[in-house]
Amino acid sequence: MFKSFHLLLAAFGLFALNACQQPEPQYSGNPLFSEPFTADPAVLVHNDTLYLFTGSDEQVEGRDGFVMHKWYVFSTADMVNWTNHGAVLSVEDFEWASHNAFAGHAVENHGKFWWYVPLVHKDPEARVHEGFAMGVAVADHPAGPYKDPLGHPIIADTTENSIVLNIDPAVYVDDDGEVYFFWGSWNEVRQVKLKDNMLELDGPVENIEGLTNFFEAPWVHKRNDTYYMSYAAGYPSRTEYATSKNINGPWQYRGVIHDEIPNSPTNHQAIVHFKGNDYFFYHTAGLPNGGPYRRSVCVDKLEYDENGLIKKIVRTDLGVPQIK
């Protein structure tokens, strides 16, 4: 019995030693990057790697107004260790554009990567309203290099039934291969199908109804047989969402999932499923030298309840744990 007691103590000691040797879990931290300033996230998954596409806030500290000339790509395999692939796309890559590299969206289709972005059109005749138009750049890899295959925008002020401020594209490739282009701002949201070449409109631009409090930044994702349309609501903005069993609606309003952000009236989300986890990307003004025009991308967990509805996002300084 004395020997058994000592064996038990030894086993307990080994267990305690192993427990002490277990590494502390690592977290992404929020914001994800101390530099550069990043905003308006978009995400996609390719070959077990998550790619994050962001705008870049370049305004100097203490001044107002957006100064944005380029977009960045980052990647990670574990949500903690990130590679900065640099500013791989800029205003200068679009001969038809003059300035304002606002929020873009990237998707994979036909073995290529299509990055849809809004910019101010340099042609005065194309600036009927606020002058924003949306074009596309294409690459063979998520990190580029990207090039404009058209030399002109896909949607502009002159597009029939476009809106006053044509920004915030969100492109969704459905399970049947059909491609849908969403965008919106100033409380108006539009939808149009794209042709299989990803470069041309395939039908009329249509209004979307049922998105209560819509302001800008539509994002579509699908889980099981349900489509989710999240968006910035009100201004200063929070994130709200609606659901539908059909990508063409009708949409049922579901409520607020992400509250207003201190010191940042804008609120722009991206949602993705990656290696068994669901993530909610957004930006804040969370760096010590940040602000409304010097934002930084963050990430936190996204969870669903038993009915498939999205739970309220809990913002954290820790971010998300490393994927082992």
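A: Strands here are DSSP runs of at least two E residues, numbered from the N terminus. The model under discussion is predicted.

Q: Which strand gives the most to the lining of the largest pocket?

A: That strand is β13, with 5 residues. At least two lining residues each come from β1 (38–46), β6 (105–109), β9 (170–173), β13 (214–223) and β17 (270–274).

Q: How is empty space found, and what volume does the largest pocket have?

A: Rolling a probe the size of a water molecule over the atoms shows where empty space is left. In this structure, the largest pocket has a volume of about 550 Å³. Its lining comprises 21 residues, of which Y172, V220, H221, I271 and V272 are the closest to the centre. By class, this lining has 13 nonpolar, 4 polar and 4 charged residues.

Q: What are the volume and the lining of the second largest pocket?

A: The volume of the second largest pocket is about 340 Å³. Among its 21 lining residues, F66, F102, I167, E216 and T266 are the closest to the centre. The lining divides into 10 nonpolar, 6 polar and 5 charged residues.

Q: Is T54 buried or exposed?

A: A residue counts as buried when its relative accessible area is under 20%. T54 has a relative accessible area of 1%, and is therefore buried. T54 belongs to strand β2 (residues 49–56).

Q: Which residues does T54 touch, not counting residues up to four places away in sequence?

A: With that exclusion, T54 touches T38, A39, D40, W71, Y72, F74 and V297.

How values were computed. Residues numbered from 1 in each chain as written. Predicted model: local features only at pLDDT ≥ 70, side-chain atom pairs only at ≥ 80, totals over all residues. Heavy atoms only, no water. Helix = DSSP H or I, 4+ residues; strand = E, 2+ residues; numbered from the N terminus. Buried < 20%, exposed > 50% of the residue type's maximum accessible area, 1.4 Å probe, protein only. Contact = heavy atoms within 4.5 Å. 1 Å grid on protein atoms, 1.4 Å probe; cavity = no way out; pocket = protein on both sides within 12 Å on 5 of 7 lines; lining within 4 Å. Points joined across faces, edges and corners; volume = space filled by probe spheres on them. Nonpolar A, V, L, I, M, F, W, Y, C, P; charged D, E, K, R; others polar.
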